[in-house]
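Could you walk me through this model, starting with the helices and ending with the sheet? Here it is.

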Amino acid sequence: SMACGAWVAARKALEAESAGNAAGLRLMDDALLVLNLDDERPAGLAEASKLALHGSVRSEREGGVQVGSCLNRWYNKVMQIIVFDDGTAAVNFEHSVIDLHAALRFCSDIQADQLRLTDATPLTHVQATPAFEHVQWRVPSSVKTAILSAEGA
């Protein structure tokens, strides 16, 4: 956790570090949702719920920083779809911006479309390529320090 003023300063420092960072932040801000592809494979529903909400957290022995799928989340985005290594999927949404009804309706519509498409003839003639961009960050030392401080809070 991080105080709002510290978070704003860290974001501004990240944005000022490079044009790529600024473009990456704009991309994330403008996105409807974030799709998280995790390497984790939950053992059951309880573990899948925990991983969807927080991701896995491990501390590296050298440097004492967090690693794991917790780094594969964008918590200030209204909605994230998390897909685990085994194909299990979950939705994480910011409840102060969107209510449960809207999030459940979104999930219900996806499930209904999936069932409809499963029963239909495969769409072999469709040549759609999903639009995605891999964002790489240049993180200045001041932001790394702020992240380590927030991890310990």
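What follows goes through two helices and then the strands.

First, some ground rules: this is a predicted model, where local features need pLDDT of at least 70 and side-chain atom pairs count only at pLDDT 80 or more, while totals for chains, interfaces and linings use all residues. Residues are numbered from 1 along each chain as its sequence is written, and side-chain values use heavy atoms, with hydrogens and water left out.

Let's start with helix α1, residues 4–17 (helices are DSSP runs of H or I with at least four residues, strands runs of E with at least two, numbered from the N terminus). Its 14 residues should span 20 Å at 1.5 Å a residue, and the end C-alpha atoms are indeed 20 Å apart. The expected figure is 1.5 Å times one less than the number of residues.

Ala10, Arg11 and Leu14 of α1 are buried (under 20% relative accessible area; exposed is over 50%, partly exposed in between, with a 1.4 Å probe and protein chains only). On the other side of α1 sit Gly5, Lys12 and Ala16, which are exposed.

Now add helix α2, residues 19–30. Arg11, Leu14, Glu15 and Glu17 in α1 meet Asn21, Ala22, Leu25 and Asp29 in α2 (contact means heavy atoms within 4.5 Å).

On to the strands: an open sheet of three runs in the order β1-β4-β5, with mixed pairing (strands pair if DSSP finds at least two bridges between them). β1 (34–37) and β5 (89–93) are at the edges with a single partner strand each, so one side of each has no neighbour in the sheet. β1 pairs with β4 (residues 79–83) in the parallel sense over four bridges, and Leu37 stands opposite Val83 in β4.
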